[in-house]
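Student: I would like to learn how to read a fold such as this one, element by element. Could we go through it together, with the general idea before each case?

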Amino acid sequence: MQAYRSIAKLFSTPQCTLKSVPVAGLKSFEPPKNFDDVEFPERNKLRVVSRAPQYPVHIRPYKMQKRLRYLRGPEPFHNTLLHKQYGIIATSGGRMKFKNFETIRLMILRHVDYERVFAIWRVSDPWQPITKKGTGSRMGRGKGSIDHYVTPVKAGQVIIEVGGKIEYYEVKKVLENLAKRLPFDAMAVNQVKLDQMAEEKRKLQEENLNPWTWKYIIQNNMLGCHKWISKYDRRWYNEYL
């Protein structure tokens, strides 16, 4: 024990040459990402959407039914990123109100530098009228008056698209917070994530070893499922509600 103490005291003296000296190690980092191929749109800021559609003077604002078919199924057109960078996509159907548009616009304005970043809408302004009757009114006496306007959204619809001279980790947190505030299920994505999701879906269809898929069961009317499933299950094989 005394020998260990003597050795420790020897190393602590200023004359000792065996002391450990901190040395800077060699570190290698990836080169910075090149944004020379990024194209900015003419308008790089999210515009303020109109609360209600503008009709000509001689046309009265019309009313309509719920038309839930506008919310069911996959989005056939606006389901890809035009600038191949980042955005928010809906994973289920729903309706966007004017306040949802304003929440997205204000949060993007607060947390994004528009000098090197752009953001564009990929959904139309609120156009579908939603009627509502006054509190305490009786049933009947026609359809209620128009209360507000909404934009119907299907699964796979791109809500907003963000890009520019910025990397995904810089806007990921903001996009995730916005996705949680929407009145339907949504997620923040980039082009790499969309490609991975498409590849996993294709791989699952080609390499699936289980023959009892929803498509096989519904197409062959196994257990008489056509009597109790909906017409939407026959069309999309229980993939979309």
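Tutor: Strands of a sheet pair through backbone hydrogen bonds, either parallel or antiparallel. In this predicted model, one open sheet has three strands in the order E2-E5-E4, and its pairing is antiparallel.

Student: Which strands stand at the edges of this sheet?

Tutor: The edges are taken by strand E2 (94–96) and strand E4 (128–132), and because each has a single partner strand, one side of each is left without a neighbour in the sheet. On average, neighbouring strands of this sheet are turned by 55 degrees against each other, with direction ignored.

Student: How many bridges hold E2 and strand E5 together, and how many are there between E4 and E5?

Tutor: E2 pairs with strand E5 (residues 145–153) over three antiparallel bridges, and one position to look at is methionine 96, whose bridge partner in E5 is threonine 151. Between E4 and E5 there are five bridges, again in the antiparallel sense, and here lysine 132 stands opposite serine 145 of E5.

Student: Which strands of the sheet does helix H2 touch?

Tutor: H2 packs on this sheet through E2 and E5, and its direction makes about 70 degrees with that of E2.

Student: What is the order of the strands in the sheet of four?

Tutor: That open sheet has the order E3-E6-E1-E7, with antiparallel pairing. Its edge strands are strand E3 (117–121) and strand E7 (186–190), each of which pairs on one side only, and the twist from one strand to the next averages 20 degrees. Helix H2 (residues 98–111) packs on this sheet too, where it touches E3 and strand E6 (158–164), and its direction makes about 175 degrees with that of E3. Helix H4 (residues 191–207) also packs on the sheet, touching E1 and E7, with its direction at about 105 degrees to that of E7.

Student: How many bridges join E1 to E7, and how many join E1 to E6?

Tutor: Strand E1 (residues 86–90) is joined to E7 by five bridges and to E6 by four, and the strands run antiparallel in the E1 and E6 pair, as they do in the E1 and E7 pair. Isoleucine 89 is a useful residue to trace, since its bridge partner in E6 is valine 158, while in E7 its bridge partner is methionine 187. Glycine 87, for its part, has valine 189 as its bridge partner in E7.

Student: Are the residues on the two faces of E1 buried or exposed?

Tutor: In a regular strand the side chains alternate between the two faces of the sheet. In E1, Tyr86, Ile88 and Ala90 lie on one side and Gly87 and Ile89 on the other, and all are buried, which leaves both faces covered. Five of the five residues of E1 are buried, so this strand is largely enclosed by the rest of the structure.

Student: Which residues have the most contacts inside the largest nonpolar core?

Tutor: In soluble globular proteins, nonpolar side chains tend to be buried together. The largest nonpolar core here has 32 residues, and those with the most contacts inside it are Ile88, Met96, Ile104, Ile108, Ile159, Ile160 and Leu175. At least two residues of this core come from each of E1, H2, E3, E6, helix H3 (168–181) and E7, and H3 gives the most, with six residues. A second, separate core of five residues includes Ile89, Val158, Val189 and Leu194.

Student: At what angle do H2 and H3 pack?

Tutor: The two helices pack at an angle of about 165 degrees, with their axes 11 Å apart. Since angles over 145 degrees count as roughly antiparallel, H2 and H3 are therefore roughly antiparallel to each other. Their crossing is right-handed. On the H2 side the contact is made by Asn100, Thr103, Ile104, Met107, Ile108 and His111, and on the H3 side by Val174, Leu175, Asn177, Leu178 and Arg181.

Terms used: Residues are numbered from 1 along each chain as its sequence is written. This is a predicted model: local features need pLDDT of at least 70, side-chain atom pairs count only at pLDDT 80 or more; totals for chains, interfaces and linings use all residues. Side-chain values use heavy atoms; hydrogens and water are left out. Two strands pair if DSSP finds at least two bridges between them. Axes are lines fitted to C-alpha atoms, for helices over the stretch in contact, and angles run from 0 to 180 degrees between N-to-C directions. Contact means heavy atoms within 4.5 Å. A nonpolar core is a set of buried Ala, Val, Leu, Ile, Met, Phe, Trp, Tyr and Cys residues joined through side-chain atoms within 4.5 Å. Buried means under 20% relative accessible area, exposed over 50%, partly exposed in between (1.4 Å probe, protein chains only). Angles under 35 degrees count as roughly parallel, over 145 as roughly antiparallel, 65 to 115 as roughly perpendicular and the rest as oblique. A crossing is left-handed if the near helix is turned anticlockwise from the far one by less than a right angle, and right-handed if clockwise.
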